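These are my notes from a session with one structure. I looked up the sheet, a few helix pairs and two residues.

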Amino acid sequence: MINVALMGHGVVGSGVAEILLGHKADIAKKAKEEICLKTILDLRDFEELPYRDLFTKDFASILQDDSIRVVVEVMGGVTFAYEYVKACLLAGKSVVTSNKELVAAKGHELLQIAEEKNVNFLFEASVGGGIPVLRPMAQCLSANRISEVVGILNGTTNFILTKMVTENMPFAQALSLAQKLGYAEKDPTADIEGHDSCRKICILAALAFGRHVYPEQVSTEGISTLSLTDVEYADRFNCVIKLIGRAKQTDGEHITADVYPALINRSFILSGVHDVFNAIVVRGDCVGDVMFYGRGAGKMPTASAVVADVIDCVKHLTARKYLYWEEGAPDYVVSTRSSQTRLYVRATNGHPASAAVAIAKAFGDDSIFTIKNNSSQEIVFITPPGQESALRQKIAGLTCLHDPVILRVID
């Protein structure tokens, strides 16, 4: 019998407890070992629960209990989670977490400790919730050289954008609905400003390319300033707007990594990912494009991924699973401004005809542009392909547009 401790009994933690306690026989068959949830760490009291006797408020009782071989961390945040996870690994206990913020900030260090102590540090649920993506990348795609990982990594923002596209619902109303349905937190900043997606692309990039990527190295833009006008124009160009996380190999020593709202052509598979669903496309040199799709969050999907990692830990108590990446570097992640792209531009201007001439002169006659109507005095166009920094310089240089106000630039 292998004893397990659980740190945190919130939404995901309660789901983990339900699975470990309710599926004991099935889990034992899969793990080839009985797994017993021995202790749950939480500062709150849960007197109404049938397993209330498992709770403790004392972390030391977990750390000092040699019979506990695997610890699950689902508290969230970095400060206490990092302190407790590090202590458990140093004590020779394997750790499973769903904490994307912790893995993005401290993943290399914790993996290094796990390797030194010959234990496991697993975090499948930190990206994509219940969608299996990290394990397939590390194992099933290991024969490939991965050149790019791109995806819709946040269900909350995808739900909001879906409502804006399909129901013409304003951003604020769509966000309010997401909060009412439990898809968005009371404070939705981490979702709508792209921080959640940023942490996930850090983990995906580290696993894909073998070096740690820190959140502060990732250029991150959210969706809070998008309007229905942008959605309408995107539709005219046969596109939809999605919040995208992307990491791409530029050469043998550098990558780019970004989170940003992007115009996605309806012919690309990610354009059809709706509501709270996530999708991650991994591009390998042998296999081509592989997509992982499903609900990226939620109590039971995420808890199921956590318990799967617990089973994996139990199976590998004496033979550590290989999961590792090197430390990052300040110059490892380079700006995408040198990459080839096309930009969507929306600006106000009082002279649409002269603006069209100036746009054609700056970007060529094949620039796509449209004018919503004469009363709006807006010019919208998509640039031809070019280096992003050069395209932005040209946009800034459109002085002959009679002092336009640039309202939005989108990749």
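**Entry 1: the first helix pair and a residue in it**

The model is a predicted one. I began with T302 and asked which residues it touches beyond its sequence neighbours. Leaving out residues up to four places away in sequence, T302 touches V12, S98, A125, G129, G130 and A297. I then looked up where T302 sits, and found it in helix α12, residues 299-315.

Is T302 buried or exposed? Its relative accessible area is 8%, and the cut-off for buried is under 20%, so T302 counts as buried.

Next I checked helix α1, residues 11-22, against α12. Their axes come within 8 Å and cross at roughly 60°. That angle makes α1 and α12 oblique to each other. For this pair I noted the residues in contact. On the α1 side they are V11, V12, S14, G15, V16, E18, I19 and L20. On the α12 side they are K299, M300, T302, A303, S304, V306 and V307. The crossing of α1 past α12 is right-handed.

**Entry 2: S98**

I looked up S98 because T302 touches S98, and relative accessibility puts S98 at 12%, which counts as buried. S98 is placed in the loop between β5 and α5. With residues up to four places away in sequence set aside, S98 touches V12, E73, V74, A125, S126, T302 and V306. V12 and T302 thus appear in this list, and V12 is also among the contacts of T302.

I also took one distance from S98. The C-alpha atom of S98 is separated by 17 Å from that of A138, and the two residues are 40 apart along the chain.

**Entry 3: the six-stranded sheet**

In what order do the strands of the open sheet of six run? I read β3-β2-β1-β4-β5-β6, with parallel pairing. The edges are taken by β3 (55-56) and β6, and each has a single partner strand, so one side of each is left without a neighbour in the sheet.

I went through several of the pairings in turn. Strand β1, residues 2-7, runs parallel to strand β2, residues 35-41, and six bridges join them. In that pair V4 stands opposite L37 in β2. Between β1 and β4 there are five bridges, again parallel, and A5 has V71 as its bridge partner in β4.

How many of the residues of β1 are buried? Six of its six are, and the strand is mostly covered. I2, V4 and L6 point one way, N3, A5 and M7 point the other way, and all are buried.

**Entry 4: β4, β5 and β6**

Strand β4, residues 68-73, is joined to β5 by four bridges, and the two run parallel. V72 has V96 as its bridge partner in β5. I checked the connection as well: β4, helix α4 (residues 79-90) and β5 make a right-handed β-α-β unit.

Which way do the residues of β5, residues 94-97, point? S94 and V96 go one way and V95 and T97 the other, and all are buried.

On to β6, residues 121-122: two bridges join β5 to this strand, and the two run parallel. The bridge partner of V96 in β6 is L122. From β5 the chain crosses through helix α5 (residues 100-117) to β6, in a right-handed β-α-β crossover. V96 therefore has a bridge partner in β6 and is itself the partner of V72.

**Entry 5: a second helix pair**

I looked up how helix α7 (residues 155-167) packs with helix α8 (residues 171-180), and noted an angle of about 130° with the axes 9 Å apart. This makes α7 oblique to α8. The crossing of α7 past α8 is right-handed. At the contact, F159, I160, K163 and M164 in α7 meet F171, A174, L175, L177 and A178 in α8.

**Entry 6: an antiparallel pair**

Last I turned to strand β14, residues 344-348. Four of its five residues are buried, so β14 is largely enclosed by the rest of the structure. Five bridges join β14 to strand β16, residues 378-382, and this pair runs antiparallel. In it, A347 stands opposite I379 in β16.

Definitions and conventions. Residues numbered from 1 in each chain as written. Predicted model: local features only at pLDDT ≥ 70, side-chain atom pairs only at ≥ 80, totals over all residues. Heavy atoms only, no water. Buried < 20%, exposed > 50% of the residue type's maximum accessible area, 1.4 Å probe, protein only. Contact = heavy atoms within 4.5 Å. Pairing = 2+ DSSP bridges. Right-handed = clockwise from strand over helix to strand, strands pointing away. Axes fitted to C-alpha atoms, helices over the stretch in contact; angles between N-to-C directions. Parallel < 35°, antiparallel > 145°, perpendicular 65-115°, else oblique. Left-handed = near helix turned anticlockwise from the far one by under 90°.
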